[in-house]
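Good morning, and thank you for making time for this presentation. I would ask you to keep the sequence and the structure in view while I speak.

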Amino acid sequence: MSTENMYYAYSAIDDIKQKGEYGGVVTTIMKYLLENNIVDGVVAVEEGVDIYDAVPCLITKSEDVIKTAGSIHCGTLNLAKFVYKYLDGCRDMKIAVTCKPCDAMTMRELMKKGKIIEDNVIMIGVNCGGTMPPVPTMKMIKDVYELNPKDVIKEEIAKGKLIMETADGEVAFGIEDLEEEGMGRRENCQRCSLKIPSNTDIALGNWGVIGPLAGKATFVETFSDKGAKILQEVIDAGLIAVEEPIEKGVEIREKINNVMLKNSAKKKEEDFAGTTGDIIDVFYKYDEEFSSCMKCYGCREACPLCFCEDCCLEAEGPEWVPGGYTPAAPFFHLTRMVHMVDACTNCGQCSEVCPCEIPVAKVWNTVNNKVKEIYGYQSGFDVDQRIPFTDHISHAKKL
């Protein structure tokens with residue numbers, strides 16, 4: 001494996017180095033981009049009321065970037081929706097955005113569809129082993145860890161354990177044991193097949209940082225000419241220090257990634273057991289869950305890939321439903337599926353908001369994997385990669 005685009009890095013700015021996670025490199029890069037007018041704004045997540053409250057933000061002043069330093073593992077947002085909906089897809093501005101793998105996959109899908117302008121976006125990716133739903137996590141901390149959620153100052157997944165840190169020390173439990181009991185990471189995160197965001201411009205994380213810099217630096221890898229250029233500029237400006245990664249550390253990073261991907265594959269196999277991936281088969285399996293749908297349209301509103309200004313499911317006329325009525329549950333979900341499932345990135349936003357607790361993301365991901373199998377397509381990667389979904393109905397029949 002070539003290491004020419006890999007580095008151990010840490011900030012040369014003391015306050016950022018202290019507050020930021022593992023050397024504060026992400027914050028330093030963002031600050032540089034703003035100060036040098038390379039971007040008009042930075043899109044990131046900051047802590048709201050507490051560490052369980054993740055708030056999306058647009059920062060235009062470099063001195064404010066420090067507010068986004070640190071990780072929020074209960075931040076279950078998908079920032080692609082924020083960029084598309086509230087920033088008009090960056091048609092008239094340039095931004096840098098911190099991306100979990102699912103954020104980046106969704107950004108790529110929206111770029112393919114012309115809803116986000118790729119040339120105006122710099123994606124700074126962060127490794128992600130998964131995020132946790134805020135309210136169930138607080139309950140887990142109280143019941144299982146026997147801690148006051150307000151006392152937790154940091155959470156981390158390391159060496160197969162979910163660690164909660166307080167001022168008095170750390171408490172850890174095996175992540176697999178917790179998830180077998182329905183706790184831990186969101187179920188879509190457990191299935192995720194991308195942990196290191198190789199579809200961004202630069203990817204950063206602590207995996208593989210060993211030796212004297214362990215816990216003090218970030219493992220950085222560039223994946224585009226844009227990312228390599230920006231990183232070099234920040235290095236040349238003396239804002240971050242870099243070292244060649246230790247070969248053993250590179251191997252450890254790859255091992256961590258492979259273990260997580262193996263666990264994800266296992267989770268997929270469990271989730272998809274009993275279905276062939278055919279649409280009708282999938283809906284038959286989840287018929288009872290879908291029958292509880294009250295057509296609140298929450299899944300549609302939360303989905304970052306539902307962007308039609310006039311939704312066909314609300315069109316009046318005998319071919320759909322009369323005005324003032326909503327379509328039957330299977331019809332509603334089937335229509336949405338045919339419309340956008342080729343682009344589904346398993347971000348879990350739909351399941352997150354469903355008041356009836358329908359496993360929408362699991363169903364969508366099942367059929368999306370069938371799409372990939374048929375067309376050899378991978379959601380959320382190359383912008384130039386196009387799936388031949390010009391005729392949605394005819395392609396749906398193949399599923």
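**From a buried threonine to a charged surface**

Let me begin with threonine 222, which lies in strand β10, spanning residues 218–222. I should say at once that the model before us is a predicted one. Is threonine 222 buried or exposed? Its relative accessibility is 9%, so threonine 222 counts as buried, the cut-off for that class being under 20%. And what surrounds it? If neighbours within four places in sequence are set aside, threonine 222 is in contact with Asn5, Asp201, Ile202, Gly227, Ala228 and Leu231.

With that residue placed, I turn to the chain as a whole. The protein chain comprises 16 helices and 11 strands. It has 399 residues, of which 54% count as buried. Consider next the contacts between residues at least 6 apart in sequence: 70% of these join residues at least 24 apart. The area that the protein chain exposes is about 18900 Å², and carbon and sulfur atoms supply 50% of that area.

My next topic is charge pairing. In general, side chains of opposite charge can pair when their charged atoms come close. How many salt bridges does the structure hold? The number is 14, and I shall discuss three of them individually.

The first to consider joins glutamate 35 and lysine 31, whose side chains meet with an N to O distance of 3.2 Å. These two residues are 4 apart in helix α2, residues 25–35, and therefore about one helical turn separates them. Glutamate 35 is partly exposed, at 42% relative accessibility. Lysine 31, in turn, has a relative accessible area of 18% and is buried.

Next, please look at aspartate 88, which forms a salt bridge with arginine 91; the closest N and O atoms there are 3.8 Å apart. Aspartate 88 has a relative accessible area of 43%, which makes it partly exposed. Arginine 91 likewise counts as partly exposed, at 38% relative accessibility.

The remaining pair takes us to helix α9, where aspartate 271 and lysine 267 lie 4 residues apart, and so are separated by about one helical turn. They form a salt bridge in which the closest N and O atoms are 3.3 Å apart. Are these two residues buried or exposed? Both aspartate 271 and lysine 267 are buried. The pair also belongs to a wider arrangement: Glu187, Arg191, Lys267 and Asp271 are linked in a network of salt bridges.

Finally, I come to the surface. Which residues gather there in a patch of negative charge? They are Glu176, Asp177, Glu180, Glu181, Glu269 and Glu270. Two elements each give two or more residues to this patch, namely α6, residues 175–180, and α9, residues 247–272. Helix α6 gives the most, with 3 residues. One residue of the patch deserves a closer look: aspartate 177, which has its place in helix α6. Because its relative accessibility is 52%, aspartate 177 counts as exposed, the threshold being over 50%.

To close, let me set two views of helix α9 side by side. This helix contributes to the negative patch, and it also holds the salt-bridged residues aspartate 271 and lysine 267, both of which are buried. Thank you for your attention.

Terms used. Residues are numbered from 1 along each chain as its sequence is written. This is a predicted model: local features need pLDDT of at least 70, side-chain atom pairs count only at pLDDT 80 or more; totals for chains, interfaces and linings use all residues. Side-chain values use heavy atoms; hydrogens and water are left out. Patches are made of residues with over 30% relative accessible area and no salt bridge: like charges are joined within 9 Å, nonpolar side chains (Val, Leu, Ile, Met, Phe, Trp, Tyr) within 5 Å. Accessible areas come from the Shrake-Rupley method with a 1.4 Å probe; for residues, only the protein chains shown count as cover. A salt bridge is a side-chain nitrogen of Lys or Arg within 4 Å of a carboxyl oxygen of Asp or Glu. Lys and Arg count as positive and Asp and Glu as negative; His and the chain ends are not counted. The place of a charge is taken as NZ of Lys, CZ of Arg, CG of Asp or CD of Glu. Buried means under 20% relative accessible area, exposed over 50%, partly exposed in between (1.4 Å probe, protein chains only). Contact means heavy atoms within 4.5 Å.
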